[in-house]
Amino acid sequence: FINGKTYEWQVKTWGVDPDPSGWSNTAVFIASSAPTVLITQPVTGEYPWPELTVKWLYSDPEGHSQVQQVVTLYDSKGAELERQSKVTTVESGGTGEATLQRVLVDGEAYRVTVTVRDSSGMWSEVAEVTFDVAYFLPPKPEVELNLVREEGKINISIINHDPEEGEVAAVYNDVYRSIDGEEFKLFMTGVPVNTTITDNTPTVGGNNAYYAIAYSDLPSAIQSDTVSMDVHLPGHYFLSAGPGWGNVIRFLGDVSITENLGRDTVLRTFAGRKYPVKFQGEALTQELSFSAETTEREKVKAIAEYAGSVYYRDYQGRRFTCAIMNPKLAKKDRGLAYQFSCNIVRTEGEEQ
């Protein structure tokens with residue numbers, strides 16, 4: 001058969017009778033050769049970006065267009081890292097392209113393969129390229145911490161140095177935080193370079209640890225060293241409200257607190273049973289009976305009347321979102337002092 005030509009065919013059959021059957025209906029097929037792909041990016045050698053965009057030249061002897069592509073990325077040991085299959089249209093002589101999601105690691109080696117299908121249903125042979133990744137990183141950021149004792153806050157300064165030869169400039173940072181050795185979680189994203197941000201809800205009775213990741217426009221990224229600060233403020237209690245928990249009041253000295261812990265529990269009595277039956281729910285309860293002297297009447301009033309959640313922290317390491325219940329503010333005999341009392345009830349909320 002000649003590739004690119006259309007062929008028709010029919011069938012007749014013979015049985016016991018010497019006469020054959022009539023011809024079948026006509027079937028049609030087009031003889032076709034497989035398309036070919038030539039990978040033009042990446043090439044064997046070094047690839048200078050963490051994001052992999054694969055490009056190839058597509059051609060088909062009969063001029064059939066590309067209708068599907070499969071691009072697969074492997075690590076240096078042959079393990080498949082990502083497979084991307086898409087329905088696309090590329091005319092013969094045109095360029096196909098695919099951008100993978102996997103972030104390439106600087107200094108690692110990879111292999112990428114491409115195979116495509118044309119509109120006649122023919123698949124190309126698998127094309128492949130092995131390459132090494134070597135791209136520029138931003139300068140390693142530095143993190144410095146400063147405690148604002150009166151408000152129980154920590155100022156986090158991220159220092160991004162100017163790039164030297166073989167480096168690229170950082171354009172933003174992400175900051176991660178861990179409290180008392182727990183898992184690091186993203187604390188703030190998109191922080192501008194050389195900026196100081198404030199953690200309004202660190203523990204004031206334990207360890208606060210932070211690190212920053214600086215990103216370039218490539219994008220490439222590099223992590224700072226982890227820095228930590230032990231904060232122990234004996235006798236300190238804090239209530240915070242407002243955007244980012246930025247409005248803070250401190251109670252120090254004449255503070256009385258009683259903690260009630262447990263689980264939602266109901267007792268029911270039934271005829272024929274000697275003792276009550278206990279029913280428990282899944283919800284946990286944590287409530288503090290709080291009383292403290294303060295001279296900052298307006299701050300206390302603003303937090304007690306705040307429409308959203310409030311955040312509670314103390315020197316024993318307790319820290320949680322809460323609701324302020326039954327707030328009372330009584331004028332004391334001396335000076336500008338007031339006695340503030342309330343019930344602080346832990347509520348469901350995003351951990352800070």
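# Exercises on a predicted model

The accessible surface of the protein comes to about 20000 Å², and carbon and sulfur atoms hold 49% of it. The structure is a predicted model, and the exercises below treat its overall form, its cores, its aromatic pairs and selected residues.

## Exercise 1. Overall form

Determine whether the protein is spread out or compact in comparison with the globule rule.

*Solution.*
Step 1. Begin with the secondary structure: the protein has one helix and 25 strands.
Step 2. Compare the radius of gyration with the rule. The value is 35 Å, whereas the globule rule gives 20 Å for 352 residues; the former is well over the latter, so the protein is more spread out than a compact globule.
Step 3. Consider the extents. The C-alpha trace spans about 120 × 80 × 35 Å along the principal axes.
Step 4. Add burial and contacts. Of the 352 residues, 36% count as buried. Among contacts with a separation of 6 or more, 60% are between residues 24 or more positions apart.

## Exercise 2. The nonpolar cores

Identify the residues that touch the most other members of the largest nonpolar core, and the elements that give two or more residues to this core.

*Solution.*
Step 1. Recall the general tendency: in soluble globular proteins, nonpolar side chains tend to be buried together.
Step 2. Locate the central members. The largest nonpolar core has 22 residues, and Leu52, Trp56 and Phe131 touch the most other members.
Step 3. Assign the contributing elements. Two or more residues come from each of strand 3 (36-41), strand 5 (51-59), strand 6 (66-75), strand 8 (95-103), strand 9 (109-118) and strand 10 (127-133).
Step 4. Examine Leu52. Setting aside residues up to four places away in sequence, Leu52 touches Pro42, Tyr47, Leu73, Ala98, Thr99, Leu100, Leu104, Val112 and Phe131.
Step 5. Note the other core. Apart from the largest one lies a core of 19 residues, including Phe251, Leu288, Cys322 and Ile324.
Step 6. Return to Pro42, one of the residues that Leu52 touches. Pro42 lies in the loop between strand 3 and strand 4 (45-47), and a cis peptide bond with omega of about 0 degrees joins Gln41 to Pro42.

## Exercise 3. An aromatic pair

Classify the pair formed by the rings of Trp245 and Tyr311, and state which parts of the chain the pair ties together.

*Solution.*
Step 1. Set the context: a search of the whole structure finds 15 aromatic pairs.
Step 2. Apply the geometry. The ring centres of Trp245 and Tyr311 are 5.3 Å apart and the planes stand at 55 degrees, so the pair is tilted. The cut-offs behind this step are under 30 degrees for stacked and over 60 for edge-to-face.
Step 3. Place both residues. Trp245 lies in the loop between strand 19 (236-241) and strand 20 (247-252), and Tyr311 in strand 23 (residues 310-314), so the pair ties together parts that are 66 residues apart in sequence.
Step 4. Check burial: Trp245 and Tyr311 are both buried.
Step 5. Relate the pair to Ser240. This residue is found in strand 19 and is buried, at 0% relative accessibility. Ser240 touches both Trp245 and Tyr311, and its other contacts include Asn200, Val248 and Ile303.
Step 6. Record one further group: Tyr237, Phe251, Phe290, Tyr315 and Phe340 form one aromatic cluster.

## Exercise 4. Charges over rings

Which rings lie beneath the charged ends of Arg111 and Lys331?

*Solution.*
Step 1. The charged end of Arg111 sits over the ring of Tyr74, 4.2 Å from the ring centre.
Step 2. The charged end of Lys331 sits over the ring of Tyr338, 5.5 Å from the ring centre.

## Exercise 5. Backbone features

Describe the surroundings of Asn194 and Asn326, each with a positive phi although not a glycine.

*Solution.*
Step 1. Asn194 has a phi of about 50 degrees and is found in the loop between strand 14 (185-191) and strand 15 (195-199). Its relative accessible area is 49%, and Asn194 is partly exposed.
Step 2. Asn326 has a phi of about 50 degrees, but lies in strand 24 (residues 319-331). Asn326 counts as partly exposed, at 49% relative accessibility.
Step 3. Add a cis peptide bond: one joins Leu218 and Pro219, with omega of about 5 degrees. Pro219 is found in the loop between strand 16 (205-215) and strand 17 (221-223).

Conventions:
Residues are numbered from 1 along each chain as its sequence is written. This is a predicted model: local features need pLDDT of at least 70, side-chain atom pairs count only at pLDDT 80 or more; totals for chains, interfaces and linings use all residues. Side-chain values use heavy atoms; hydrogens and water are left out. Rings of Phe, Tyr and Trp (its six-membered ring) pair if their centres lie within 6.5 Å; planes under 30 degrees apart count as stacked, over 60 as edge-to-face and the rest as tilted. Helices (H or I, at least four residues) and strands (E, at least two) are DSSP runs, numbered from the N terminus. Buried means under 20% relative accessible area, exposed over 50%, partly exposed in between (1.4 Å probe, protein chains only). A charge sits over a ring if NZ of Lys or CZ of Arg is within 6 Å of the ring centre and within 35 degrees of the ring normal. The radius of gyration is taken over C-alpha atoms; the globule rule is 2.2 Å times the number of residues to the power 0.38. Contact means heavy atoms within 4.5 Å. Accessible areas come from the Shrake-Rupley method with a 1.4 Å probe; for residues, only the protein chains shown count as cover. A nonpolar core is a set of buried Ala, Val, Leu, Ile, Met, Phe, Trp, Tyr and Cys residues joined through side-chain atoms within 4.5 Å.
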